[in-house]
Amino acid sequence: MTAQLGTMAARPTSTPAWAWPVDLAHYERRALLTEAEAQAPQSLSIERLRRDGLAPNALSLRPAARLVRRLGDALAALHWPPEDRHQQRYARDAAGLVLIRCGELRRAFWGWSVQNWADLINVDGAEFRRSWGGQIGPNARPFVIAYAYLLGEFTVFDQLGRFMLPALARRVFGAERVGDAVERIYKVLADWGYRRDAGTLASVICQVLLLSRSPLLSDLSTDALAALRVHPAMSGQWGKDLYGLHRAVAALGHAEPPPSGHASGPAAMEGVPAPWAEWVKRWYATSTLTAKIRRSYRSVLAKIGRWLASEHPEITDPGQWTRQTCAAWVAAVDRMAVGDFSQWTHGMRTQNRLGKPLTPESKSGYLKVPRALFRDLHEWEWVPRRFDSAHALRTPRSVRALMGPDPRVIADDIWAKLLWAGLNVEPGDLPTADGRTYPVELIRAITLTWLFAGQRSDEIARLRVGCIRWRQDGLPIPGDSGEVLARDAVCLLDVPTHKTGTSFTKPVDPLLGQAIEAWQAVRPAQPLMLDPKTNEHADFLFAHRARRVAKHYINTTIIPMLYRKAGVPTADVRGNITSHRARSTIASQLYKAKEPMTLFELQEWLGHRTPEATTHYAKLTPNTLARAYNDAGYFARNVRTIKVLVDRDAVASGAAASGEPWQYFDLGHGWCTYTFFEQCQHRMACARCDFYTPKDSSKGQLLEAKENLQKMLASIPLTDDERAAVDDGQAALDQLLERLTDVPTPAGPTPRQIGAPATATLLPINDVRQSKPGSPKKLLSFRV
């Protein structure tokens, strides 16, 4: 069958009744052969069998009549299309091989083991022909398989290598019945978007029919399909294809939908005391937590049981716990390593961390679980209340200090490249798995949802069909204040019930709405699927081939695709780039935009329950903090710079060593030659002592006319009074001058003794706080 799935026409749903063609109950069941029965097949030749046929009364076969009769009935039950009548010779050859092997084993074929049949059929067709010396036709092997299936109930097809399953099904059940079942399944799967090769799906369907031993889809009940899931022949890719086939059978009304991966129940707890395991099982069956949470809690409770068996074997049920037991568990968790008290460690996702200390988050979880257990047991009055679990099993302060929400923002340059890659996804970029991929429209829609919606991966995977709405002219949103915007100005996204609240609506970029509508336009109709969070059947937006796109698909497939296309690393200094980091990045950019969202607006957009949660996402970038820090002027507020002239001639000639001035601090109106100027208390309000040289004096003018001068800047730390004089103005300056009136100058006399005028000039200081690097310094001059 090479027709494409979309062109298959559905047959009528009614099929004629069907019964097993060979009734084995009517035959004798003695398996051991008599001496005569064993000798007859050994003298048989293929040529005689072809000449005489399978007549039980033939002279050569009369001793083995009970063997021949059953083979003849099976041969008569096979269906023979007109073009295949010449294959009856190969069927007789195959019957002869079965008889010969009966003689060798001295046992009738209904008493053969599975391995006896597998040895006769052989795993390879060419080896099968070579083992019989070329005396049989090349097509005898499929008929040996047919005899094994009809007479020996042989279904271990995984031990036979490659063979034509559809041909076997048509031989046994008839081409019409098989075609009816195959085409009905095809029709349903094609409508859901399956585009697998028709021949491959035909093999899967025929194998399921053969294993269920019926060509009728109505016989594929829920129990029958559950048995097929654990059949060895349905392992590997066969089992994956069985899921889609099960969905199709359910859609046709013959079975319940396939269960989720955990519907069969959790695995048994090994190494756990039986009483503790029974309490855990009872709590598991009673708790109202979601199935996923209960499974994770059950895993931790099993670890507690193994810890009890190792450290406190006398304690076997929750009623025996005391505050001392709780304290011992808290201490054990604080020292626990990855893999301790686990049921198995092989294949763990944290394989590379085995033996390393638990993370603070894991420690907190290991204490949260028994708190929840004992809270429930106390409230349900299953055990007496001997301690307060909220206090006795509280997470230690040292662990809590290392925890806390820490959304990690992606660097702006990397995020810009990821945005470009997402906006330019092409068919050649699509990720594939086993040669299959989702349609490009689905990939684009889910990629832009991650890049623009700012939602958690679980919320993205659970979006419904029709989640996009456009705000039109004259049509305000229900519940809105009534203002009206231009057509298509706002695209609205309906977010389903999520981690912290109920469903809500948020505005998103129109690019996202257009991508989602493009996917909805080509999306095949899908069956309703159970939403595990709300326990309702929903029409999920991101679903294909009757399966919802997994929430981890963004992490495992979409983000690596964008890595490759954008040419960016898979991690930065803050760790791997994951789906949740986009949420923090978008929130931070909205918070620091030119026209930023307020904290409460951002809270509504993100769907947070409280503003406190939003503050963890509204991150300021280091560049923004750097600008704010510079604007605050912390350094400039406490330190000022002043221009200094260094007379290199005085230094070179040795005059400086003999006490001559060589360093001149610019006071604006004059120069101070005091070497320890930064220690002078009068530096901000010069009293004009002997170290002072006015600029308008002849000495000052000669100094500025010198050529061999080096100009420098010196940093001067300010005292509280000086800083107040600069920041607060005249009143503080008057207080500074009054305090310095009787303070000696570097030359010795006080300003009162020098007779400094009341209109002294305040030292001009270069204001670093208001200047940018490379710009001229500003002079602050104050007159009193």
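What is the handedness of the crossing of H4 and H7? In this predicted model, the crossing turns out to be right-handed. Before the details of that helix pair, a quick look at the whole chain helps.

The protein chain has 784 residues, and 45% of them count as buried. Its secondary structure adds up to 33 helices and 16 strands. Contacts reach well along the sequence: among those with a separation of 6 or more, 65% link residues 24 or more positions apart. As for confidence, the chain has a mean pLDDT of 79, with 78% of its residues at 70 or more. Residues 1-15 fall below 50, and this stretch makes 29 contacts in the model beyond near neighbours in sequence. Another low patch covers residues 477-481, where pLDDT stays under 50 and the model shows 4 contacts beyond four places in sequence.

Back to H4 and H7, then. The axes of these two helices lie 8 Å apart, and the helices pack at an angle of about 60°. That angle makes H4 oblique to H7. On the H4 side, the contact is built from Tyr90, Ala91, Ala94, Ala95, Leu97 and Val98, which meet Phe143, Val144 and Tyr147 of H7. Sorted by class, the contact of H4 with H7 has 9 nonpolar residues, no polar ones and no charged ones.

Helix H4, which spans residues 88-105, also packs against helix H5, residues 114-121. Here the axes come within 11 Å and cross at roughly 125°. With that angle, H4 is oblique to H5. H4 passes H5 in a right-handed crossing, and the crossing of H4 with H7 is right-handed too. The residues that meet are Leu97, Val98, Arg101 and Leu105 from H4, and Asn116, Trp117, Asp119 and Leu120 from H5. By class, this contact of H4 with H5 comes to 5 nonpolar, 1 polar and 2 charged residues. Leu97 and Val98 take part in the contact with H5, and Leu97 and Val98 also appear in the contact with H7.

A further helix pair is H9, residues 175-192, with H12, residues 237-251. Their axes come within 9 Å and cross at roughly 105°, so H9 is roughly perpendicular to H12. H9 brings Ile185, Val188, Leu189 and Trp192 to this contact, while H12 supplies Gly244, Arg247, Ala248, Val249 and Ala251. The residues of the contact of H9 with H12 divide into 7 nonpolar, 1 polar and 1 charged.

What about the loops that join helices? Helix H7 covers residues 141-152 and helix H8 covers residues 165-173, and glutamate 153 sits in the loop between them. Glutamate 153 is not a glycine, yet its phi is positive, at about 55°. With a relative accessibility of 52%, glutamate 153 counts as exposed, because the cut-off for that class is over 50%. Methionine 164 has its place in this loop between H7 and H8 as well. At 57% relative accessibility, methionine 164 also counts as exposed. The C-alpha atom of methionine 164 is 9.7 Å from that of cysteine 206, although the two residues are 42 residues apart along the chain.

A positive phi turns up again at arginine 213, where the value is near 60° in a residue other than glycine. Arginine 213 belongs to the loop between helix H10 (198-212) and helix H11 (222-229). Its relative accessibility is 22%, so arginine 213 counts as partly exposed.

Much further along the sequence, tyrosine 591 lies in helix H24, which runs over residues 579-591. Is tyrosine 591 buried, partly exposed or exposed? At 30% relative accessibility, tyrosine 591 counts as partly exposed. Its C-alpha atom is separated by 5.9 Å from that of alanine 618, a residue 27 positions away along the chain.

Definitions and conventions
Residues are numbered from 1 along each chain as its sequence is written. This is a predicted model: local features need pLDDT of at least 70, side-chain atom pairs count only at pLDDT 80 or more; totals for chains, interfaces and linings use all residues. Side-chain values use heavy atoms; hydrogens and water are left out. Axes are lines fitted to C-alpha atoms, for helices over the stretch in contact, and angles run from 0 to 180 degrees between N-to-C directions. Helices (H or I, at least four residues) and strands (E, at least two) are DSSP runs, numbered from the N terminus. Angles under 35 degrees count as roughly parallel, over 145 as roughly antiparallel, 65 to 115 as roughly perpendicular and the rest as oblique. A crossing is left-handed if the near helix is turned anticlockwise from the far one by less than a right angle, and right-handed if clockwise. Contact means heavy atoms within 4.5 Å. Ala, Val, Leu, Ile, Met, Phe, Trp, Tyr, Cys and Pro count as nonpolar, Asp, Glu, Lys and Arg as charged, and the others, Gly among them, as polar. pLDDT is the predictor's confidence in each residue, from 0 to 100. Buried means under 20% relative accessible area, exposed over 50%, partly exposed in between (1.4 Å probe, protein chains only).
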